[in-house]
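Visitor: I am new to this structure. Please pick one buried spot, look at it closely, then lead me outward from there.

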Amino acid sequence: MSVAKSELFDRLPYAIAQLILDISRSEEVDHLLIMSRLRTKRVALARQVAMTVIRGKADRYTLQDVGDFFGRDHATVLHAQKLIAAKMREGDPGLASTLASAFRTYAAARKEIEASQDGLSELVRAGSRETLTQFQARQVAAAADGRASK
């Protein structure tokens with residue numbers, strides 16, 4: 001299970017992987033269990049939260065796309081959305097906190113991606129042969145130098 005799920009997790013878009021890691025920390029569930037077929041209450045709820053956040057913030061992903069991320073079909077994603085909405089109407093404070101954190105994590109990861117894409121566009125415009133990874137490493141080093149000089 002862990003090798004196949006680990007490979008599946010490694011292929012996820014960055015923002016979605018970060019979201020799943022955040023939810024796994026807040027719900028104290030291993031991120032690979034969220035990707036698994038396991039249906040215990042705790043794991044299923046973490047998976048349903050992830051599906052709901054992805055659908056709520058990422059208009060470009062269809063129900064089937066989100067289901068594919070988790071090895072599920074579109075009906076499972078729709079059920080997850082309805083279930084989370086019902087729990088929110090009941091006023092579950094723990095769930096509200098988890099959702100708020102997950103939405104923030106997903107938004108921050110999307111901004112990080114956009115910044116990287118802006119950096120890549122800058123490299124392409126300049127005709128640089130530097131790769132995006134090299135560019136990002138240079139940015140991290142520059143930020144570390146800035147912190148060290150303070």
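**A residue tucked inside**

Guide: Start at Thr52. Thr52 is buried, because its relative accessible area is 14% and buried means under 20%, while exposed means over 50% and partly exposed lies in between (1.4 Å probe, protein chains only). This is a predicted model, so local features need pLDDT of at least 70 and side-chain atom pairs count only at pLDDT 80 or more, while totals for chains, interfaces and linings use all residues. Residues are numbered from 1 along each chain as its sequence is written, and side-chain values use heavy atoms, with hydrogens and water left out.

Now look around Thr52. Leave aside residues up to four places away in sequence. Thr52 then touches Ala80, Gln81 and Ile84, where a contact means heavy atoms within 4.5 Å.

Thr52 belongs to helix α4. Helices here are DSSP runs of H or I with at least four residues, strands are E runs with at least two, and both are numbered from the N terminus. Helix α4 runs over residues 41–57. It has 17 residues. From first C-alpha to last, α4 reaches 24 Å, close to the 24 Å expected at 1.5 Å a residue; the expected span is 1.5 Å times one less than the number of residues.

Thr52 has buried company in α4. Val43, Ala44, Ala46, Arg47, Gln48, Val49, Ala50 and Met51 are buried there. So are Val53 and Ile54.

Step back along the chain. Ser36 sits in the loop between α3 (31–35) and α4. Is Ser36 buried or exposed? It is buried, with a relative accessible area of 1%. Ser36 also has a partner far along the sequence. Gly71 is 35 residues away along the chain, yet the two C-alpha atoms are separated by 8.0 Å.

Go back further, to the loop between α2 and α3. Glu28 is found there. Unlike Ser36, which is buried, Glu28 is exposed, with a relative accessible area of 63%. Its backbone is worth a look too. Glu28 is not a glycine, although its phi is positive, about 55 degrees. Glu28 comes just after α2.

That brings us to α2 itself, residues 14–27. Its 14 residues should span 20 Å at 1.5 Å a residue. The end C-alpha atoms are 20 Å apart, so the helix agrees with that figure. Which residues of α2 are buried? They are Ala15, Ile16, Ala17, Leu19, Ile20, Asp22, Ile23, Ser24 and Glu27. Charged names such as Asp22 and Glu27 are on that list.

Finally, take in the whole chain. It has eight helices and zero strands. Read along the sequence, the pattern is α-α-α-α-α-α-α-α. Of its 150 residues, 35% count as buried, Thr52 being one buried residue. Contacts also reach across the sequence. Take those between residues at least 6 apart: 53% of them join residues at least 24 apart. As for the outside, the chain exposes about 9,100 Å², and carbon and sulfur atoms supply 53% of that. Accessible areas come from the Shrake-Rupley method with a 1.4 Å probe; for residues, only the protein chains shown count as cover.
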